[in-house]
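Got your viewer ready? Load the model below and follow along, one selection at a time.

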Amino acid sequence: MPLTPYHLGIGIFLGVALFRWLDFPTLCIGTMIVDLRAIAIYFGPFAGNLHGPLHTMLGGTLLAGVFAVAMFKTKPIWNRIGAPFGLAQKPTLYHIAAGSLVGIYSHLILDAIMHADMQPFYPLSGNPLLGLMYLSEVYIICVAGFLFGGLLYITHLYRWKKGGFHTNYYSDK
């Protein structure tokens, strides 16, 4: 994996760039949630392959569904957290499910490019994405996501504070 937090760069960039269509917190958390099992294996409570069932399109899709339902049910909490930062959004299942899928699939694609032990299209064996890019290019993309995502967020925040923001912004006022 590019270390788990690196995935967040892609999440922030896509989350702000596609704010109108994707749920921001779901997308950002979705870029990292796939690694919960890998972290548990790395630090010892579990054993097995770091890139196991959640690092497949099938496992990732199932995880995305469960995760989307959880995020939909807790959306009022996420809106209270995000509102002061201009990140509250209408709680639509479509936006949340789309954010979950995009976040998790972006994680799977980046990891598949980097790790020989992944079988992203299990039950088919092999990893056709392995080596598609140099490792340094994957890290550059992730860091660039942080930088450009941050710049987009500053623009987003400015437009939101000026009241000229016409997206699926949610307010409980």
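What follows is a short walk through two helix pairs and a salt bridge in this predicted model.

**Stop one: α1 and α7.** Select residues 4-17 for helix α1 and 135-162 for helix α7. Their axes come within 7 Å of each other and cross at roughly 35°, and the crossing is left-handed. Now show side chains: on α1, the contact residues include Tyr-6, Leu-8, Ile-12, Phe-13 and Val-16. Across from them on α7, look for Tyr-139, Phe-146, Phe-148, Leu-152 and Tyr-153, among others. Colour this contact by class and you get 16 nonpolar residues, five polar and no charged.

**Stop two: α2 and α6.** Next, pick residues 24-33 (α2) and 93-114 (α6). The angle is about 35°, with the axes 7 Å apart, and this crossing is right-handed. From α2, Thr-26, Leu-27, Gly-30, Thr-31, Met-32 and Ile-33 take part; their partners in α6 include Ile-96, Gly-99, Val-102, Gly-103 and His-107. The class count here is six nonpolar, eight polar and no charged.

**Stop three: the salt bridge.** How many salt bridges does a search of the whole structure find? Just one. Select Lys-75 and Asp-23, whose side chains meet with an N to O distance of 2.5 Å. Lys-75 belongs to helix α5 (residues 75-82), while Asp-23 sits in the loop between α1 and α2. That puts the partners 52 residues apart, linking distant parts of the chain. Before you move on, turn on a surface: are these two buried or exposed? Both Lys-75 and Asp-23 are buried.

Methods. Residues numbered from 1 in each chain as written. Predicted model: local features only at pLDDT ≥ 70, side-chain atom pairs only at ≥ 80, totals over all residues. Heavy atoms only, no water. Axes fitted to C-alpha atoms, helices over the stretch in contact; angles between N-to-C directions. Helix = DSSP H or I, 4+ residues; strand = E, 2+ residues; numbered from the N terminus. Left-handed = near helix turned anticlockwise from the far one by under 90°. Contact = heavy atoms within 4.5 Å. Nonpolar A, V, L, I, M, F, W, Y, C, P; charged D, E, K, R; others polar. Salt bridge = Lys/Arg side-chain N within 4 Å of Asp/Glu carboxyl O. Buried < 20%, exposed > 50% of the residue type's maximum accessible area, 1.4 Å probe, protein only.
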